Amino acid sequence: VTITTRQLVSHLSGIRHYEKDITKVKEEKEKANRALKLTKSPQDKEQKAKEGKGTENTDGVKQKKEHESETKSRNSKPGRNDKEFEQEEYYLKEKFESVIESLKIFKNDPLIFKPGSQFLYSTYGFTLLSAVVERASGQKFTDYMLKMFRDLDMLSTVLDDNEAMIYNRARCYIYNKKGRLVNAPYVDNSYKWAGGGFLSSVGDLLKFGNALLYSYQAGQFKNKNNKLLPGYLKPSTVAMMWTPVPKTEVSWDRDGKYAMAWAVVEKNQQCGCCRQQRHYASHTGGAVGASSVLLILPEELDPGAVGAWPGAPPRGVIVTLICNMQSVSLSSTALKIAREFDREKRAQ
């Protein structure tokens, strides 16, 4: 088969995640299909008929399932019953000297499905993507990324290397089987730098979000006297990254679809006086002993008035949360914070 970089970045490659057993993965999808048929309401069917288009059964039920689990997590201690972190490969201690070397973990395993046919979130898909970056750039993936972070003034973003002395590195925590708070176990992240191997700070993630938002909006502002510097990326590149990809799903946002390494919610309002859905991009992060989220809510610009605005990009709200606790649901909290700041700005 052929696997493209676009399929890798949108988790459509068919490469496995931490679960090795294909049968288990397929059983989970079948359960999701059956659950959707049982729980689908008449209103949902009517809405689907109005729209004249359908989505895969696994999409809707997984979003609902994750939304319910997120609600439950707010009423219980985090990290207690997260089956995701029962997978052994989360706790690898082997040190890999290169991205190419770490491919041996999964390179001989069968694909879960034909590339491009279904969505399956895969950390190893991003490991392969980092190998592509390494070959295309002609330098180590970690060197390439650290240079980019330096260009973006993200000086606190570094490799999560256990041997390195990192100033202000936080201690990470989990709940054990008895429900007691304990230190997170030792792991070596050299097998998945691209999928969860960097340490950062709230300040650096805000810089990262603003750099993307600036790049996204830069083309909409009139460049008077060449005073407006170009964005780090082309506006068309960010727009492409934030365009939902068919056949994808998002577990942490029931309104979203997956794009290119981002979950995206599109602007939408079904009818007058109904809920207005704003356009925003987000992504959560989950690691052994840590949880995070980064959400970008662009300001809705009037194309006819942009050139006359006194302000310059980026315009919008960036929210990031980092928690040194495993399996904490932060996405809904980030969205609430973003909406509060956005409401405050529009009221001024």
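# Why the labels fit: cysteines, salt bridges and a buried threonine

User: Why does Cys-323 count as partly exposed?

Analyst: Its relative accessibility is 21%. Buried means under 20% relative accessible area, exposed means over 50%, and partly exposed is what falls in between (1.4 Å probe, protein chains only). So 21% puts Cys-323 in the partly exposed class. Some ground rules: this is a predicted model, where local features need pLDDT of at least 70 and side-chain atom pairs count only at pLDDT 80 or more, while totals for chains, interfaces and linings use all residues. Residues are numbered from 1 along each chain as its sequence is written, and side-chain values use heavy atoms, with hydrogens and water left out.

User: What makes Cys-271 and Cys-274 a disulfide?

Analyst: Their sulfur atoms are 2.3 Å apart, and a disulfide is a pair of cysteine sulfur atoms within 2.5 Å, so the pair passes. Cys-271 is partly exposed at 40%, and Cys-274 is partly exposed too, at 30%. The search of the whole structure turns up 1 disulfide.

User: Why is there no bond from Cys-172 to Cys-323?

Analyst: Because the sulfur of Cys-172 sits 9.2 Å from that of Cys-323, its closest cysteine sulfur, and that's too far for a bond. Cys-323 is in no disulfide either; the sulfur of Cys-172 is the nearest one to it. Cys-172 counts as partly exposed, with 25% relative accessibility.

User: How do you know that Lys-147 and Asp-151 form a salt bridge?

Analyst: The rule asks for a side-chain nitrogen of Lys or Arg within 4 Å of a carboxyl oxygen of Asp or Glu. Here the closest N and O atoms are 3.0 Å apart, so the pair qualifies. In general, side chains of opposite charge can pair when their charged atoms come close. Both residues lie in helix H7 (residues 141-151), 4 residues apart, or about one turn of the helix. A helix here is a DSSP run of H or I with at least four residues, and a strand is a run of E with at least two, numbered from the N terminus. By this rule the salt bridge count comes to 16.

User: What makes the Lys-207 and Asp-153 pair a link between distant parts of the chain?

Analyst: Their side chains meet in a salt bridge at 3.0 Å, N to O. Lys-207 belongs to helix H9, while Asp-153 is in the loop between H7 and strand S1 (158-159), 54 residues apart.

User: And how do you know that Lys-267 and Glu-300 pass?

Analyst: Their N to O distance is 3.8 Å, so the 4 Å limit is met. This pair also links distant parts of the chain, from the loop between S6 (263-265) and S7 (280-287) to the loop between S8 and S9, 33 residues apart. Lys-267 counts as exposed, at 61%, whereas Glu-300 is partly exposed at 41%. Salt bridges with shared partners join Lys-267, Arg-278, Glu-300, Asp-342 and Arg-346 into one network.

User: Why is Thr-248 called buried?

Analyst: Its relative accessible area is 0%, so it falls in the buried class. Thr-248 lies in the loop between helix H10 (235-241) and strand S5 (257-258), and its side chain reaches the backbone oxygen of Val-245 at 2.6 Å. Across the protein, 38% of the 348 residues count as buried.

Notes. Polar contact = N/O pair within 3.5 Å; in protein donor to acceptor, adjacent residues only side chain to side chain.
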